[in-house]
Amino acid sequence: MFRRKLTALDYHNPDAFDCTDETQFRNCIVWLEDQKIRHYKIEDRGNLRNIPSSDWPKAYQQYLQDVNCPFGGPERQEALDWLLGLAVRYEYGDNVDKYKSCEPLAAASSKAADPLINLDVNSPDFKAGVMALANLLKIQRHDDYLVMLKAIRILIQERLSQEAIAKASQNKEGIPVALDKHILGFDTGDATLNEAAQILRLLHIEELRELQTKINEAIVAVQAIIADPKTDHRLGKVGR
């Protein structure tokens, strides 16, 4: 399942790689750090290179934190896929001219294809991508990755679209209000709570005013329709 990225990175025998094999998994992590990612200095890679050690899982977990991987040690497939993606990005960055000269693969069809048609929701690549976005956007995890993807789409549309960003960037300055001039109507016994209650009440009143304004606008719109009778001279009466 990692063959495509391992092949792109020139990993030895990518077809036979087994993520569930502990020795192969550890060797792959060390190879990625030594050959592609190179986050640590050579002298600092000792704990990670000590593959037979019983403390290797701790070194691996620390390594994930140091490279800012959004997945933990137990999420083996997702973490490895993320590290492979990181290695691919570094590989491209080190050889930009080489990969720019590569010819793109011929399109299988001239028709624009729906990118979701061939989406494999059980693919580790898909799950890793959704989890990375969910962690980045602080979205609650869900067992169904499609549900998480829909939540990500809604958040992006509502909060990160150009219109939403432009609206949020607008400065909204309110009018200063003297709380001591507004009677709360009850006493909580705590000055801080009383002040908070006054603020909440004022905010509630503001929301009621906005609601009343919308109701008034609706009434005016309805009246504009029903209070504009048309005369039908053929019937000899006024009205619709």
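In this tour a residue counts as buried when its relative accessible area is under 20%, and as exposed when that value is over 50%; anything in between is partly exposed. Keep that rule at hand, because it explains why R45, with a relative accessible area of 6%, is called buried. The model you have open is a predicted one.

**The whole chain**

Start with everything selected and a cartoon view. You should find ten helices and two strands. Walking from the N terminus, the elements run α-α-α-α-α-α-α-α-α-α-β-β. Of the 240 residues, 25% count as buried. Switch on a surface if you like: the accessible surface comes to about 18100 Å², and 54% of it belongs to carbon and sulfur atoms. Among contacts between residues at least 6 apart in sequence, 38% join residues at least 24 apart.

**Stop 1: the loop between α1 and α2**

Select residues 3-8 for α1 and 22-37 for α2, then look at N13 in the loop between them. N13 is not a glycine, yet its phi is positive, about 55°. With 51% relative accessibility, N13 counts as exposed.

Stay in this loop and add D15 and R3. These two form a salt bridge, with the closest N and O atoms 3.7 Å apart. D15 sits in the loop and R3 in helix α1, so the bridge ties together parts that are twelve residues apart in sequence. D15 is exposed, at 60% relative accessible area, whereas R3 is partly exposed, at 49%.

**Stop 2: along α2**

Move to the start of α2 and show D21 and T23. A side-chain oxygen of D21 reaches to within 3.1 Å of the backbone nitrogen of T23.

Next, select E22 and R76. The closest N and O atoms of this salt bridge are 2.6 Å apart. E22 belongs to helix α2 and R76 to helix α5, so the pair ties together parts that are 54 residues apart in sequence. Both are partly exposed: E22 has a relative accessible area of 33%, and R76 has 23%.

Now colour the buried residues of α2, among them F25, C28, I29, W31, L32 and E33. Which residue forms a salt bridge with E33? Show R45: the closest N and O atoms of the pair are 3.5 Å apart. E33 is in helix α2 and R45 in the loop between α2 and α3, twelve residues apart. E33 is buried, with a relative accessible area of 0%, and R45 is buried too, at 6%. For one more group of charged residues, select R4, K5, D81 and D125, which are joined into one network by salt bridges that share partners. Side chains of opposite charge can pair when their charged atoms come close. A search of the whole structure finds eleven salt bridges.

Before leaving α2, look at R38 just after the helix, where phi is positive, about 55°. R38 lies in the loop between α2 and α3 and is partly exposed, with a relative accessible area of 40%.

**Stop 3: from α2 across to α5**

Select L86, which is found in helix α5 (residues 76-94). Is L86 buried or exposed? It is buried, with a relative accessible area of 7%. Add L32 and draw a distance between the C-alpha atoms: L86 and L32 are 54 residues apart along the chain, and those atoms are separated by 9.5 Å.

**Stop 4: into α4**

Go to the loop between α3 (46-49) and α4 and pick S53. S53 is buried, at 18% relative accessible area. A polar atom of its side chain lies 3.0 Å from the backbone nitrogen of D55.

Then select α4 (residues 56-66) and highlight its buried residues W56, A59, Y60, Y63 and L64. They cover an arc of only 140° around the axis, so they lie on the same side of α4. Following the helix you meet N68, whose phi is positive, near 60°.

**Stop 5: helix α10**

Finish with N194, in helix α10. N194 counts as buried, at 17% relative accessibility. Leaving aside residues up to four places away in sequence, N194 touches L184, F186, D187, T188 and G189.

Further along, select L208 in the same helix, α10 (residues 191-226). L208 is partly exposed, with a relative accessible area of 44%. Add L211, I215 and I219: with L208 they make a nonpolar surface patch of about 340 Å².

Technical notes:
Residues are numbered from 1 along each chain as its sequence is written. This is a predicted model: local features need pLDDT of at least 70, side-chain atom pairs count only at pLDDT 80 or more; totals for chains, interfaces and linings use all residues. Side-chain values use heavy atoms; hydrogens and water are left out. Patches are made of residues with over 30% relative accessible area and no salt bridge: like charges are joined within 9 Å, nonpolar side chains (Val, Leu, Ile, Met, Phe, Trp, Tyr) within 5 Å. Accessible areas come from the Shrake-Rupley method with a 1.4 Å probe; for residues, only the protein chains shown count as cover. A salt bridge is a side-chain nitrogen of Lys or Arg within 4 Å of a carboxyl oxygen of Asp or Glu. Helices (H or I, at least four residues) and strands (E, at least two) are DSSP runs, numbered from the N terminus. Buried means under 20% relative accessible area, exposed over 50%, partly exposed in between (1.4 Å probe, protein chains only). Contact means heavy atoms within 4.5 Å. The arc is that of the directions from the helix axis to the C-beta atoms. A polar contact is a pair of N or O atoms within 3.5 Å; within protein, one must be able to donate a hydrogen and the other to accept it, and residues adjacent in sequence count only if both atoms are side-chain atoms.
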